[in-house]
Amino acid sequence: MGGPGRSRGMMAGVPAAAFRRIAARSVAVAVLAGLPGVGVGWGGGVAGRDDGPAGRPGSVGTAVARAGVGGGAVARASGGVPAGGPAVFAGQAAAAAAEGDRPAVARYATKRWIRHRVVPRERLAGIAARYRVREASLRRWNPEVGDEPEAGDVLRVYTDFVPPPRRLRTVTVQPDDTWTRLARRHGIGSWDLRAMNYRPGGRLRPGEPLRVWVDPIQQAAIDAEWDDPPLGVRPGAHGVGSPDDGRLVAGVQLPERPAYIRKIPGSAYGTTHTIRTLVRALETFRRDTGFGGRIYVGAISRPRGGRLGGHRSHQTGRDVDIRLPLRTSIPQALEPIPARRVDFVALYGLVRALVDTGEVVVLFLDYPLQRRLARAAKSVGATDEELAVLLQWPRGRKASRGIVRDSPGHDDHIHVRFRCGPSETECRGLDPEGWGDLPVRDVIAAHDPRGAVKTRPCAACGRSERGVGSASAAASPRRARPVARSRAGTP
Ligand SMILES: [Zn+2]
């Protein structure tokens with residue numbers, strides 16, 4: 001079966017080697033993931049209203065186990081510096097990591113204690129995701145924090161992964177600005193923006209300054225794409241936390257396009273990365289296969305993510321349900337969908353178009369249907385080698401192999417989970433790298449034996465945008481005042 005792989009029409013332009021590379025990565029990812037089950041039911045989500053949990057204090061993850069609180073002996077050391085280990089300020093690490101043109105994550109060879117200064121509207125779930133630690137651990141290390149921390153609190157975090165801290169940006173309100181538009185422009189929720197700038201009546205006045213705490217990595221991506229976004233899909237929509245327990249910030253709606261039909265527009269909100277990748281994959285599928293039937297895109301997420309009726313996941317804008325393509329000789333709106341009505345060759349093309357993006361973590365499809373999918377794939381030239389990477393079948397529905405996995409209820413639609421986007425600092429990924437393609441700099445060589453990151457004096461201090469970590473210096477008189485270098489200084 002080695003020969004025909006390159007001659008398949010639908011695979012035109014996709015070298016088999018590239019597919020294998022991508023697939024192998026996704027397999028590793030899926031194995032690690034342990035494959036949690038996913039909510040069942042095609043189109044089971046209620047039509048989403050803009051009433052998600054985001055934007056209200058204490059609404060995210062506050063029910064997470066408090067059992068660990070009080071158990072953190074290390075965290076109780078006085079002065080905010082945990083005993084037994086050096087402390088690094090988040091701002092310092094960021095300064096070291098931001099040597100290049102773009103703000104980047106500081107990645108250490110070993111875990112260490114850092115301190116995180118909480119900015120307005122930051123919540124534990126997001127902070128935990130940011131440092132790739134569990135929320136329960138964060139609570140255990142910081143027993144003095146109640147349900148949610150307050151701005152100015154300093155949290156102790158044990159991690160080797162330190163994104164640059166949020167920075168204060170001052171923005172001047174323009175005549176046509178709205179809270180929502182300004183929030184999206186800075187990758188935050190509109191209620192968070194209002195809370196950062198409380199005013200009686202809530203009215204925006206042109207010319208007045210607003211305080212916005214922006215994530216430098218996300219903001220750099222937004223600034224670069226805001227005026228001319230790829231595919232017309234605005235930047236800045238990002239997930240916080242995991243698909244089973246998280247939310248979506250500044251969610252972007254799947255645009256209407258000829259290649260597909262949105263089945264539940266109110267629940268068709270995703271991250272920028274998910275929506276763009278999905279649109280590209282579906283248009284590639286149409287072009288390469290010539291499939292003429294309907295493609296229905298079902299539930300993705302609600303505008304602010306969170307729980308979606310009938311689904312366990314779909315909370316952070318990177319899970320997408322797509323109805324199985326039907327044979328074009330039968331009515332396309334037909335439901336329910338017996339397997340005999342499914343066009344499995346088209347389904348194979350669809351799965352390949354999605355997986356070939358390299359951005360699929362896992363794709364759920366009922367196990368018996370995988371067998372039919374394999375048969376159809378072989379009929380159009382798929383190799384055994386390729387299918388072994390692509391499918392769980394025939395290893396059994398419990399096997400931790402293949403990108404396509406069994407999950408109950410996925411017999412009339414596939415469920416696709418995309419990776420975290422390249423600037424999503426608070427997206428909790430399933431893959432070993434976990435942070436999509438965030439710019440990461442290994443700073444192992446940049447810190448001294450005590451663990452303090454060497455920093456340079458900050459030329460931009462006192463301007464409108466500065467690192468949060470720098471404000472933590474008072475707690476550590478032995479070190480020079482650490483500062484984060486400001487690169488994106490123009491509000
Ligand atoms: Zn689903």
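## Helix 9, its neighbours, and a buried strand

The axes of helix 8 (residues 272–289) and helix 9 come within 9 Å and cross at roughly 135 degrees. That angle makes helix 8 oblique to helix 9; angles under 35 degrees count as roughly parallel, over 145 as roughly antiparallel, 65 to 115 as roughly perpendicular and the rest as oblique. Axes here are lines fitted to C-alpha atoms, for helices over the stretch in contact, with angles from 0 to 180 degrees between N-to-C directions. Helices (H or I, at least four residues) and strands (E, at least two) are DSSP runs, numbered from the N terminus.

A quick note on what you're looking at: this is a predicted model, where local features need pLDDT of at least 70, side-chain atom pairs count only at pLDDT 80 or more, and totals for chains, interfaces and linings use all residues. Residues are numbered from 1 along each chain as its sequence is written.

Helix 9 also packs with helix 10, and those two are roughly perpendicular to each other. Here's who touches whom, a contact being two C-beta atoms, placed from the backbone, within 7 Å.

| Helix pair | Axes come within | Crossing angle | Helix 9 residues | Partner residues |
|---|---|---|---|---|
| Helix 9 and helix 10 (residues 367–379) | 8 Å | roughly 85 degrees | F344, V345, L347, Y348 | R372, L373, A376, A377, S379 |
| Helix 8 and helix 9 | 9 Å | roughly 135 degrees | A346, G349, L350, A353, L354 | A281, T284, F285, D288, T289 |

So what about helix 9 itself, residues 344–355? Its twelve residues reach 16 Å from first C-alpha to last, close to the 16 Å expected at 1.5 Å a residue (the expected span is 1.5 Å times one less than the number of residues). Eleven of the twelve are buried, meaning 20 or more other C-beta atoms, placed from the backbone, lie within 10 Å of a residue's own (exposed is 12 or fewer, partly exposed in between). F344, Y348 and R352 are among the buried ones.

Now over to strand 7. All five of its residues, 245–249, are buried, so the strand is largely enclosed by the rest of the structure. Both faces are covered, with D245, R247 and V249 on one side and G246 and L248 on the other. Strand 7 runs antiparallel to strand 6 (residues 238–242), joined by five bridges; strands pair if DSSP finds at least two bridges between them. H238 has V249 as its bridge partner, and the two strands form a hairpin with two residues between them.

Zooming out, the protein has eleven helices and 16 strands, and 49% of its 491 residues count as buried.
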